[in-house]
Amino acid sequence: MASEKCNVHGVPTGAFVVARREADTLRKTLRRLKWLKPGINTTPYTAETPPGLRHTALAASSNNSSLSPLCAIHVSQIGAACMSSAAPDSISTFLAAGTACWMPRLRVRDLVCLGRDSACTPPPAAPSARFTFSELFAGIGGFRIALDKLGGKSIFTSEIDPEARDVYEGNFGDRPDGDITEIETDCIGPHDILTGGFPCQTFSLAGNTEGFEDPRGMLFLEIVRVLHACAPRAFILENVANLAFMQQGTILRSIIAELSGAGYDVSWRLINSRVVLPQQRIRVYLVGLRRDQISPGAPSFRWPELPVLDTALRDVLEDPSVDDDPRWLLTKHQQAKVEQSAEYRIDPQLRLARLDGCARTLMSNYRTSFNVRSEFVWRPSAPGPRFYTVSECAALQGFPHNFRYQCATSRPNNANRAYFQLGNAVCPIIVAAIAASVLEALAVPPLIPPQPSTSTLPAGVTLATIPKSPRSLVAPALELLLEAAPAAPGALTGSRQQLLRQCAAFLRTDLVESGAPAGCTGRGPEFLAADQEVTRRLLESRQAGAELSGLTTLGRVAYYEVECGGPQGATAAMVAAGLVILTAGLIVHGSVAEVRRLAVVTLAILCRQPVAAATLVTSHSTVEALWEVIAVTDSRTAKQAEEILHRIGHWTKCLGQTGDTTCVEQPESALMETEPDLEG
C-alpha cells in the first residue's frame, strides 16, 4: 500500500473488504445508498485478513483456490466521506457481524488490490528531455501540444473519458491512464511540471455552480495529492473564469490554500484567448513554483505578455462550400427550437455569429444544447444558418489544423463528441506562453536550436529566427498559433500572412511601434503599477482588439474588488493613473462600435466605487456622451449609461454639500446584482 503520507491527501476514498460470498449482498446495499463507486468498484484483496473480519465468514469463500477469498468493494466519494463520521444502520449490520471491514483510503489500483505481479512501476527517466511533465484531467491533449512544443516529455497522463483517451492516443501514440482517483502516486513517478484542467462543471456559470458541494468540485484535491507525493518543481492549472468569483472568491482562496500547503508559491491570472484567437474565452490559470526548487540566480516568474491580435471570426471559417453541407446546417426542427429561446425573442441577430468580430465561448454542449445559447454561421450566400464545423472549433481553440478527432473506437461516427471534447479543451497557445515563463523561472535552458515545427508552415516561415527580445519567450506559442491557422498545407494566404507579420512585429519590440500589436498579460488579484502601464498602452493603442482587452481588464479588476473582496484600492489606483478618464473617452473615441459599447459597461462597473464616480463630476464631455448613448443605443446599454449618470449626479450633489465623497451612502444599483457582461 502507498505511504500514509501520500494517502492522507486527495478526495475521500475507501473500500469494504468482504468475503466473496457476501459481496453481492453488500453491493446491493451500497447501490441502494448510491454509494457504489462508478466504473470499477470490485477488486481482489490479497493482503492479510483485516482484524475486524471474522474467519468464519471466509470458510465458504475459500473453496475456489484460484481466487482470493476476499474482495474489496470500493465506494464513491460521498460514501467514503460519510464513513469518516458514522456508518448508516444498513452498513453497520455488516460491520457488527464481522462480514465486512471498512478500509479508508484504499484505492482500486492499490498494490493489495492488483496483486504483486500487477504492481505498477514508475515511468523510466528521460535524460534527453528538456523537462518532464504529467497531465491530470488531460482531455484530448491541449497541455501536451503546448509542452511538446517547448521540448518537454510527458511521463504520465490521466483521463477518465475513454473516447478522449482514444483521441489522445490517436494523436500522440500514448494511451492515458483512467480515473485518477484509482491510481496510486507510486505509478506516476518524479517529474518537473504537473499540468491539469481539473473539472469545471461545478464552477461554471453554464453548470450547476455548486462548487465544493458537487463531488466533481473536490477533484482538485487529487492534484494536491500528486503534488505532495511526487513534488514536481512547478504546476500549471486551468479552469473557468467564474472560479475566481464564486462565493465572493472564497472557493479560489480555498484551492490556493491547499496548493500552497503542498509547498508551492501560487499565483493566478485571468487570461482571455481573445487576445490571439477570435473567441471570447476567459480562463483562470494557476501557476505554482515549489519553494525549495527556485534557483537563486533565476529570474522570478512573470506572466507572459501576449500580442492583442486583430483576428476576426471570418479568418477561421472554412470555404463557403461547407455552408450547404447537411452535416452542419440546422434542420427545420432545430431552427424552430432556436426561435423559441428567450435570446432569439429579444433579437434574432443575437444567435448569429459576428463574422467581423469573435465567437462566443465554445462550450462542450455546443451541439447538444444548441437551442439555449449556441451561435450559428449564416453567410450571405448560404441557404440558412449552420453550426461551426469541427475544424472551425479546433481553430477557435488554437489546436493544430492537422489534429485528428475521429479516433474514437467506441463511437467513431459521433461528430458531437468532437464538439464536447473541444469545448472542454485548454488553449495550447496560452499554455505554451505560460509554460515558457515557468521554465525561465526554473532556470531550464532555452531551446537551442529551436524545435522544428510540426505543422506544414511554408519553408523558412518561423518566428524562432526573430532576434532575441524580452518577448522572445512567447515565440513558440505564436508558432502554435500559426499552426492552428486554417490554410491549405504550405499556403501563405492573406490572413495567415497578416497574422505572421503581426506576430513578428510584436516579437521585435517592447512597445506599440510601427503598427506592432499591443501586449497583454491578463489580470490577477492585484492591479500593480506594471499592470496599470500595460492597460494604459492598450487603451491608448487605437487598435480595436487592444482597446477591448484593456476595458475588459479594468472591468474585471473593479468587479473583483467590489464583489469578491479583492485587494482594496484597485479602483483608486485606476483613478490616480487616469484610466477612468481614458475609459470615459472611449465612449466617444473608441475605434469601433463594440469598443464604445464596452466602454459604457466598464465605466458602469468602475462607478460602483465612489472614487471613480466622483472623478467624473467635472467631466462635462463624459456626461454629454452618456446622454448621447441613451438617445441612440439599445435599451441595455442605455440603462447602464443612466446608471453612470445617476451615480455622477449623486456625487455632484454630495461634493456640492461637503466636498467629501463619504458624506452619504452610495445609491442602490440593480447592476450590483449580477456579474457584468464584458464579453458582448
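This dialogue walks through a sheet, a loop residue and the cavities of a predicted model.

Colleague: Where should I start with the sheet, and in what order do its strands lie?

Modeller: The open sheet has six strands, in the order β6-β5-β7-β8-β10-β9, and their pairing is mixed. At the edges stand β6 and β9, each of which pairs on one side only. From one strand to the next the twist averages 20 degrees.

Colleague: How do I read the side chains along a strand?

Modeller: Side chains in a regular strand alternate between the two faces of the sheet.

Colleague: Is edge strand β6 mostly covered or mostly open?

Modeller: Strand β6, residues 152–157, is mostly covered, with five of its six residues buried.

Colleague: In which sense do β5 and β6 pair?

Modeller: They pair in the parallel sense, over five bridges, with β5 spanning residues 131–136. As a point to find on screen, Thr132 is opposite Lys153 in β6. Between the two strands the chain passes through helix α7, residues 142–149, and this β-α-β crossover is right-handed.

Colleague: How many bridges join β5 to β7?

Modeller: Four bridges do, and β5 and β7 (residues 193–196) run parallel. Here Phe133 is the residue to look for, opposite Ile193 in β7.

Colleague: Now a loop residue. Where is Ser469, and is it buried or exposed?

Modeller: Ser469 sits in the loop between α15 (428–441) and α16 (475–484). It counts as buried because its relative accessibility is 14%, and the cut-off for buried is under 20%. Ser469 and Leu507 are 38 residues apart along the chain, yet 6.9 Å separates their C-alpha atoms.

Colleague: How does one look for empty space inside a model?

Modeller: A probe the size of a water molecule is rolled over the atoms, which shows where empty space is left. In this structure there are four cavities of 30 Å³ or more. The largest cavity holds about 270 Å³ of space.

Colleague: Which residues are closest to the centre of the largest cavity?

Modeller: Asn272, Val275, Cys520, Ser549 and Thr552 are the closest, out of 20 residues that line the largest cavity. Two elements, β9 (264–272) and α19 (544–563), give two or more residues to this lining. The most comes from α19, with six residues.

Colleague: What classes of residue make up the lining of the largest cavity?

Modeller: Nine residues of the lining are nonpolar, eight are polar and three are charged. To tie this back to the sheet, β9 is both an edge strand and one of the elements in the lining of the largest cavity.

Terms used: Residues numbered from 1 in each chain as written. Predicted model: local features only at pLDDT ≥ 70, side-chain atom pairs only at ≥ 80, totals over all residues. Heavy atoms only, no water. 1 Å grid on protein atoms, 1.4 Å probe; cavity = no way out; pocket = protein on both sides within 12 Å on 5 of 7 lines; lining within 4 Å. Points joined across faces, edges and corners; volume = space filled by probe spheres on them. Nonpolar A, V, L, I, M, F, W, Y, C, P; charged D, E, K, R; others polar. Buried < 20%, exposed > 50% of the residue type's maximum accessible area, 1.4 Å probe, protein only. Pairing = 2+ DSSP bridges. Right-handed = clockwise from strand over helix to strand, strands pointing away. Axes fitted to C-alpha atoms, helices over the stretch in contact; angles between N-to-C directions.
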